[in-house]
Amino acid sequence: MIIDAVLADAVRNNAEWCQAMCAAHGHPGTFGPRAWTSARRTPLYYPDAVTLTEDADTKDVLTGIDRTTPGASVKDSHARLDLAAEGFRLLFEARWIHRPADLPRPPAPAGWRPVRTPEELAAWALAWSDGDADEAALFRPELLADRATTIVGGYAADGRVLGGAVLSEAAGVTGVSNLFTTGDEDPSHAWAATLAAVPDGRPVVGYETGDALTAACAAGFGELGPLRVWLDA
């Protein structure tokens, strides 16, 4: 089915973005036939394992990850695993989303452009983290050298960061993650600017929950299916 194929692309794209983030921190993970895993603990907010297929099982995600201390997490991309018996708790649920390549894009608002320099990335990351320097350190300059990654920022006339997002190219689709706005900036502006930065002919995928999911659907996305994230207590 077409939806199943798009979902598989969305899952793979997201795992590739996790790989890029880990690589930027100096320790990329490993792709297996049914799961991506990291033998070292991953950066803040990033999973230690991601299921790639519907038939991935507990062994696929728990073998090869570091559980010597609490806090390891697993992204169950098809919401099929029950890791409670392994000492995990359900952290959150979300929905995969997809916007077809042939859907017209909204006009891009002024002031939005790719982040190019380490200094720009540092300011972008501080805005993303709402001023938390430890969280902002997640986004390292090495990401700027990754040809599959584009970080988009929105700027006011005085240089303030109004919002941003990350675009990742993999599996024939463009993934959107880390979309945010600051102050009273309209989230629809962030979605419009992000979609305008997507290469022509590319479907757009990602996952969202709550109000962010509502905003994505308003920007033309449809839902593909559920996912779950589990946390090792």
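Asp130 is exposed in this predicted model. Its relative accessible area is 74%, and exposed means over 50%. Asp130 sits in the loop between α3 and α4, the latter spanning 133-136. Its backbone stands out too: phi is positive, about 60°, although Asp130 is not a glycine. Most residues other than glycine have a negative phi.

Asn178 also has a positive phi, about 55°, and is not a glycine either. Its setting is another matter. Asn178 lies in strand β9. Is Asn178 buried or exposed? Its relative accessibility is 18%, so Asn178 counts as buried, because the cut-off for buried is under 20%.

From Asn178, step to Trp17. Asn178 is among the residues that Trp17 touches, leaving aside those up to four places away in sequence. The other contacts of Trp17 are Tyr46, Phe139, Leu143, Thr149, Val166, Ser168 and Ser177.

Trp17 leads into the largest nonpolar core, which has 37 residues. Trp17 is one of those with the most contacts inside this core. Met21, Trp96, Trp124, Phe139, Leu143 and Ile151 are the others. Which elements give two or more residues to this core? They are helices α1 (2-24) and α3 (118-128), together with strands β5 (88-99), β7 (149-155), β8 (161-170), β9 (173-181) and β11 (222-232). Helix α1 provides the largest share, 11 residues. Apart from this core lies another, of 16 residues. Val152, Leu167, Ala190 and Val204 are among its members.

Now turn to the open space. The largest pocket has a volume of about 840 Å³. It is lined by 32 residues. Those closest to the pocket centre are Tyr45, Phe92, Trp128, Asn178 and Tyr207. Asn178 thus returns here: buried at 18% relative accessibility, and one of the lining residues closest to the centre.

Several elements give two or more residues to the lining. The helices are α1, α5 (187-196) and α6 (210-218). The strands are β4 (73-76), β5, β9, β10 (204-208) and β11. Which element gives the largest share of the lining? Strand β9 does, with 6 residues. That is the strand that holds Asn178. By type, the lining residues divide into 20 nonpolar, 8 polar and 4 charged.

Core and pocket draw on some shared elements. Helix α1 and strands β5, β9 and β11 each give two or more residues to the largest core, and each gives two or more to the pocket lining.

How values were computed. Residues are numbered from 1 along each chain as its sequence is written. This is a predicted model: local features need pLDDT of at least 70, side-chain atom pairs count only at pLDDT 80 or more; totals for chains, interfaces and linings use all residues. Side-chain values use heavy atoms; hydrogens and water are left out. A nonpolar core is a set of buried Ala, Val, Leu, Ile, Met, Phe, Trp, Tyr and Cys residues joined through side-chain atoms within 4.5 Å. Buried means under 20% relative accessible area, exposed over 50%, partly exposed in between (1.4 Å probe, protein chains only). Helices (H or I, at least four residues) and strands (E, at least two) are DSSP runs, numbered from the N terminus. Contact means heavy atoms within 4.5 Å. On a 1 Å grid over the protein atoms alone, a cavity is a set of points where a 1.4 Å probe fits but cannot get out, and a pocket is an open set with protein on both sides within 12 Å along at least five of seven lines; lining residues have an atom within 4 Å of a point. Grid points are joined across faces, edges and corners, and a volume is the space filled by probe spheres set on the points. Ala, Val, Leu, Ile, Met, Phe, Trp, Tyr, Cys and Pro count as nonpolar, Asp, Glu, Lys and Arg as charged, and the others, Gly among them, as polar.
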